Amino acid sequence: MVAPFYKLHCLLKRAQMLLLCLGIAYLMAGSILLLQRSSIRVAQPNLASLPPLWSLSAPPTALRTAGLGMRARSRWVAIQAASGGGAKAGGRHWTASRSLGVQHLHHRWFHSLLPESPEQRVSVQRSSRHKGTYIGCFLHNASDRALGGTMLYDLRKMTSSLCQDTCSESGYQFAGLEFGAECHCGNRISSPRAPEEDCSLVCRGERGSPCGGVGRLSIYKVEEQLPGHRKFRNVHYRGCFKLLKSIIGTFPVYSFQPNLTTQSCIETCTDKELPLAVFKKPHCFCTWTSSLFSLNQQSDNQQCVGNHTIASALTASTEPDHYQVYHTPVLDSRCKERMFLPQRSSSLVALSSFPGAGNTWVRHLIELVTGYYTGSFYFDGTLYNRGFKGEKDYWKSGRSICVKTHESGQKEIEMFDSAILLIRNPYRSLMAEFNRKCAGHLGHATDAQWKSKEWPEFVSSYAPWWASHAVSWLKFGRRLLVVHYEELQRDLLPQLRLITAFLNVTMTEERFLCAESNQDGHFKRSGAQRPSFDPFTPDMRQMIDSHIHAVDQALQSRNFSGLPQDYLPR
């Protein structure tokens with residue numbers, strides 16, 4: 001009889017200890033929750049009066065910086081609203097972001113990934129170390145947007161100087177900072193002032209400079225530069241075009257300058273926030289992107305070479321003439337509008353590729369041409385900082401037009417209802433991915449890195465993956481569109497039309513022109529820097545060529561056209 005009572009006594013003691021531990025854990029969790037709530041409480045928004053949220057994705061468990069080859073799976077949890085509430089189709093970025101309080105909720109967890117100490121909220125009276133002139137605090141929300149130019153994100157290193165330099169190089173006169181991590185540019189301030197205390201956040205990368213607030217911009221006038229000495233990024237020659245004088249006369253901005261230069265015309269159009277500079281000395285016109293400037297409408301560049309006298313430029317309006325056309329750093333306003341899908345899609349579309357095949361570039365093109373964000377199976381903070389807002393959205397949310405993935409297992413492939421399979425020459429893909437591992441998305445590996453032992457090890461492991469990735473998607477993919485990177489480069493618009501048709505999106509001609517005019521964006525590595533020697537040994541080439549033949553046969557077995565001829569001599 002003693003043994004059963006002893007066992008019962010031991011059991012009760014263990015139960016008491018377990019209950020005690022659970023009670024302590026519950027109290028600790030409640031205390032932490034109360035501390036978090038008290039540290040992020042703000043007085044402005046009345047959260048009880050906000051409209052119900054569709055869903056706000058919770059932040060990932062950890063923010064991993066893009067390091068050498070690190071690709072972290074995004075693990076998210078969706079927070080469903082207690083009551084339903086649809087989003088308007090015209091909503092921007094977040095389904096309920098029209099409310100200032102909802103914007104605060106979004107950015108609250110958005111920036112809570114980084115620690116915030118009490119001294120980060122500082123008085124705007126403190127001395128700041130910016131280069132330009134501080135103008136003041138201005139409203140910046142859905143109805144009153146202070147600056148309408150380009151945007152830049154940097155959640156860890158945003159400074160007032162970085163924002164001002166970015167805006168200056170992009171051709172803008174004003175730089176505005178919001179939430180301590182977002183930079184907005186523009187050439188005019190289009191909203192009323194706000195109280196200075198509303199701009200009490202400081203920049204993530206420095207202390208002492210006002211960096212906006214919730215729906216508020218701290219605006220700086222960037223450092224003045226002499227005319228003709230301004231340095232712009234993303235200015236490139238569009239081509240020589242034959243245009244009627246009657247059409248030229250409809251362009252919104254005209255400037256006559258006897259000493260007109262290409263630089264001064266680009267500066268004029270940049271200041272007017274127009275994306276195209278149409279130049280024929282001494283005449284400068286500024287306008288928006290249109291079908292007049294399609295690549296197939298180009299004339300021979302020799303037609304635009306030579307001096308143009310005033311008399312030749314002022315001929316009768318019925319006679320066409322040739323003009324040089326340049327892209328200014330200004331992004332066409334019709335190209336900037338992007339949002340998540342207004343209605344959640346029940347079909348998941350993958351944008352699948354081997355790493356280094358140009359997935360980021362194609363995502364940029366798809367977002368330009370459709371106006372919808374693309375998602376990702378992973379989370380890459382660098383890409384999010386560059387404007388890919390779908391990086392932080394749960395990949396199964398149904399709010400993205402398609403989802404980036406490099407997965408090639410049968411289980412992962414069958415999670416998607418359809419897929420765009422992007423294939424690139426393996427020689428180029430391997431070099432691009434090695435560059436990314438060594439120097440990031442836009443950098444280049446050094447000659448020393450190409451000659452190191454890591455390069456042959458990389459090729460021996462990644463080359464078979466290039467082949468198995470394509471073969472697996474061809475085998476297990478349900479509905480596929482195969483896109484070759486090289487064909488997308490050669491015939492951009494026809495390939496984009498195929499992609500949008502596959503995505504079941506009807507697009508206007510203006511959106512295609514947006515993609516054509518801004519096809520490189522900030523997401524394509526410059527091809528200027530290459531290793532000074534051929535990094536592929538004969539043994540490497542023999543192995544890679546065998547993989548090319550295997551993928552070519554797999555494509556043809558699924559009734560797709562084979563790989564492009566330039567992959568290897570046949």
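Helix 15, which spans residues 492–502 of this predicted model, has a set of buried residues made up of Leu 492, Leu 493, Gln 495, Leu 496, Ile 499, Thr 500 and Phe 502. Just after helix 15 the backbone reaches Asn 504, and there phi takes a positive value of about 60 degrees.

Two other helices, helix 13 (residues 454–476) and helix 17 (residues 538–557), pack against each other with their axes 9 Å apart and at an angle of about 5 degrees. Because angles under 35 degrees count as roughly parallel, helix 13 is described as roughly parallel to helix 17. By class, the contact between them has 17 nonpolar residues and two polar ones, with no charged residues. On the side of helix 13, the residues that take part include Trp 455, Val 459, Ala 463, Trp 466, Ala 470 and Leu 474, and among those they meet in helix 17 are Met 540, Ile 544, His 547, Ile 548, Val 551 and Leu 555.

Trp 455 also leads to another part of the model, since it is one of the residues touched by Phe 434, which is found in helix 11 (residues 426–439). Leaving aside residues up to four places away in sequence, Phe 434 touches Ala 445, Gln 449, Trp 450, Glu 454, Trp 455 and Phe 458. The C-alpha atoms of Phe 434 and Glu 454 are separated by 9.5 Å, although the two residues stand 20 residues apart along the chain. Is Phe 434 buried or exposed? With a relative accessible area of 4%, Phe 434 is buried.

The strands offer a second theme. Strands of a sheet pair through backbone hydrogen bonds, either parallel or antiparallel. In this model, an open sheet of six strands follows the order 10-12-11-14-9-13, and its pairing is antiparallel. Strand 10 (253–256) and strand 13 (298–299) stand at the edges, where each has a single partner strand, so one side of each is left without a neighbour in the sheet.

Within that order, strand 11 (residues 276–280) pairs with strand 12 (residues 283–287) in the antiparallel sense over five bridges, and Leu 276 stands opposite Thr 287 of strand 12. Strand 11 is also joined to strand 14 by four bridges, again with the two strands running antiparallel, and in this pairing Ala 277 stands opposite Tyr 326 of strand 14. Strand 14 in turn pairs with strand 9 (residues 236–244) over eight bridges in the antiparallel sense, with Pro 320 in strand 14 serving as the bridge partner of Leu 244. Why can strand 14 be called largely enclosed by the rest of the structure? The reason is that seven of the eight residues of strand 14 (residues 320–327) are buried.

A loop residue closes the walk through the model. Asn 187 has its place in the loop between strand 7 (182–186) and strand 8 (216–221), and it is buried, with a relative accessible area of 9%. A polar atom of the side chain of Asn 187 lies 2.8 Å from the backbone nitrogen of Gln 173, while the side chain of Asn 187 also reaches the backbone oxygen of Thr 270 at 2.7 Å. Both Gln 173 and Thr 270 are among the residues that Asn 187 touches; not counting residues up to four places away in sequence, these also include Gly 171, Tyr 172, Phe 174, Asp 271, Lys 272 and Glu 273.

Terms used: Residues are numbered from 1 along each chain as its sequence is written. This is a predicted model: local features need pLDDT of at least 70, side-chain atom pairs count only at pLDDT 80 or more; totals for chains, interfaces and linings use all residues. Side-chain values use heavy atoms; hydrogens and water are left out. Axes are lines fitted to C-alpha atoms, for helices over the stretch in contact, and angles run from 0 to 180 degrees between N-to-C directions. Angles under 35 degrees count as roughly parallel, over 145 as roughly antiparallel, 65 to 115 as roughly perpendicular and the rest as oblique. Contact means heavy atoms within 4.5 Å. Ala, Val, Leu, Ile, Met, Phe, Trp, Tyr, Cys and Pro count as nonpolar, Asp, Glu, Lys and Arg as charged, and the others, Gly among them, as polar. Buried means under 20% relative accessible area, exposed over 50%, partly exposed in between (1.4 Å probe, protein chains only). Two strands pair if DSSP finds at least two bridges between them. A polar contact is a pair of N or O atoms within 3.5 Å; within protein, one must be able to donate a hydrogen and the other to accept it, and residues adjacent in sequence count only if both atoms are side-chain atoms.
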